[in-house]
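Dear colleague,

I am handing over the structure below, and after it you will find my notes on what turned up when I went through it. Please read them alongside the coordinates.

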Amino acid sequence: MVHYIKEEVRSRYAEAASGVMDATKTPDEACCGGGDGRFGSTLYSVADRSGLPVAAVEASLGCGDPLGVTDLGFGETVLDLGSGGGIDVLLSAKKIGPSGKVYGLDMTDEMLELARRNAAEADVSNVEFLKGEMESIPLPDGAVDVVISNCVINLSTDKGRVLAEIHRVLKPGGRIQVSDVVAEDHVSLDERAERGDWAGCIAGALSVGEYRSGLTAVGLTAVEIQLTHEVAAGMHAAVITAVKPV
């Protein structure tokens, strides 16, 4: 079952990236989106979207704007989990300046190809796209100041491992600021599955309490979960922040 879910996710997002590259299909038809404001690029400000390659904006499949929470610091090192077409990598690169570095991690070859094209078009040099899975991040311990992601952690079949890996690669004092789908605590696993499939960012979502417990269990502190808008009955997009203690 785990292998089936992972391959379904990989296939869906590969198809979305290919569709953007050859202009045959919009990502909303294949992934989390629906063109109704719950998912996608419209959750970013017009100013942010206007300065990016069109393909980076079209490939945005997230449920929020993880960079809208706090400012990134000049010269920081950032990791974007499930970087997709690269929208958050490119926005981060602008905020941290040329002395900083942004890593984009994705398991899908097609998304990595699209992201590298978008970075080249944007003439951004302080970014690097890595192939890998968020359950086993290909970076050393204490490598980054900030971990971001946009509606990606819910897609993992081993979220405890993802959270442990986030803690591992963060520097002491480092932080996470991610957007993700969460369920209200009363919504059961079966009810989540009834509201949408796993690759569609619904069935695999953690509850608010499960997310908080998971972050705390790996050693992250100052956990805050702010619901932003409903994406299905009893399920919401949320901004999640936490800190790795010094």
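I begin with lysine 159, where a polar atom of the side chain lies 3.4 Å from the backbone oxygen of asparagine 154. Please keep in mind throughout that this is a predicted model. The side chain of lysine 159 also reaches a second backbone oxygen, that of glycine 204, at 2.7 Å. Lysine 159 is found in helix H6, and, leaving aside residues up to four places away in sequence, it touches Ile153, Asn154, Trp198, Gly204 and Leu206. What makes this residue worth a look is that lysine 159 is buried and yet has no salt bridge, the nearest side chain of opposite charge being that of aspartate 180, 7.5 Å away. Since a salt bridge calls for a side-chain nitrogen within 4 Å of a carboxyl oxygen, the two backbone oxygens named above, of asparagine 154 and of glycine 204, are not partners of that kind.

Helix H6 also holds a charged pair, for glutamate 165 and arginine 168 meet through their side chains in a salt bridge, at 2.8 Å from N to O. The two residues are three apart in helix H6 (residues 159-169), so about one helical turn separates them. Glutamate 165 is buried, with a relative accessible area of 3%, whereas arginine 168 is partly exposed, at 23%. This pair belongs to one network, in which salt bridges that share partners join Asp141, Arg161, Glu165 and Arg168.

In total, the count comes to nine salt bridges, and two others deserve a description. Glutamate 76 forms a salt bridge with arginine 175, with 3.0 Å between the closest N and O atoms. Because glutamate 76 lies in the loop between helix H3 (54-58) and strand S1 (77-81), while arginine 175 lies in strand S5 (residues 170-183), this pair ties together parts that are 99 residues apart in sequence. Glutamate 76 is itself buried, its relative accessible area being 15%.

The other pair is that of lysine 101 and glutamate 128, whose side chains meet in a salt bridge at 3.1 Å, N to O. Here lysine 101 belongs to strand S2 (residues 101-106) and glutamate 128 to strand S3 (residues 127-131), so that the pair ties together parts 27 residues apart in sequence. Lysine 101 is partly exposed, with a relative accessible area of 25%, and glutamate 128 likewise counts as partly exposed, at 33%.

Next, the backbone. Most residues other than glycine have a negative phi, and against that background two residues may be worth checking. Aspartate 123, although not a glycine, has a positive phi of about 55°; its place is in the loop between helix H5 (109-121) and S3, where it counts as exposed at 69% relative accessibility. Cysteine 201, also a residue other than glycine, has a positive phi near 75°, and it sits in the loop between helix H7 (189-195) and strand S6 (206-207). Unlike the exposed aspartate 123, cysteine 201 counts as buried, at 0% relative accessibility.

Positive phi values also occur at glycines. Just after helix H4, glycine 97 takes a phi of about 80°. Helix H4 (residues 87-96) is mostly covered, eight of its 10 residues being buried; among them are Ile87, Val89, Leu90, Leu91 and Ile96, together with the acidic residue Asp88. Glycine 234, with a positive phi of about 75°, lies in the turn of the hairpin that S7 and S8 form with two residues between them. Strand S7 (residues 221-232) and strand S8 (residues 235-243) run antiparallel and are joined by eight bridges, and within this pairing glutamate 230 stands opposite histidine 236 in S8.

Lastly, a remark on helix H5, in which glutamate 113 lies. Glutamate 113 is partly exposed, with 37% relative accessibility, and its C-alpha is 9.2 Å from that of methionine 21, although the two residues are 92 apart in sequence.

With best regards

Note on methods:
Residues are numbered from 1 along each chain as its sequence is written. This is a predicted model: local features need pLDDT of at least 70, side-chain atom pairs count only at pLDDT 80 or more; totals for chains, interfaces and linings use all residues. Side-chain values use heavy atoms; hydrogens and water are left out. Helices (H or I, at least four residues) and strands (E, at least two) are DSSP runs, numbered from the N terminus. Buried means under 20% relative accessible area, exposed over 50%, partly exposed in between (1.4 Å probe, protein chains only). Lys and Arg count as positive and Asp and Glu as negative; His and the chain ends are not counted. A polar contact is a pair of N or O atoms within 3.5 Å; within protein, one must be able to donate a hydrogen and the other to accept it, and residues adjacent in sequence count only if both atoms are side-chain atoms. Contact means heavy atoms within 4.5 Å. Two strands pair if DSSP finds at least two bridges between them.
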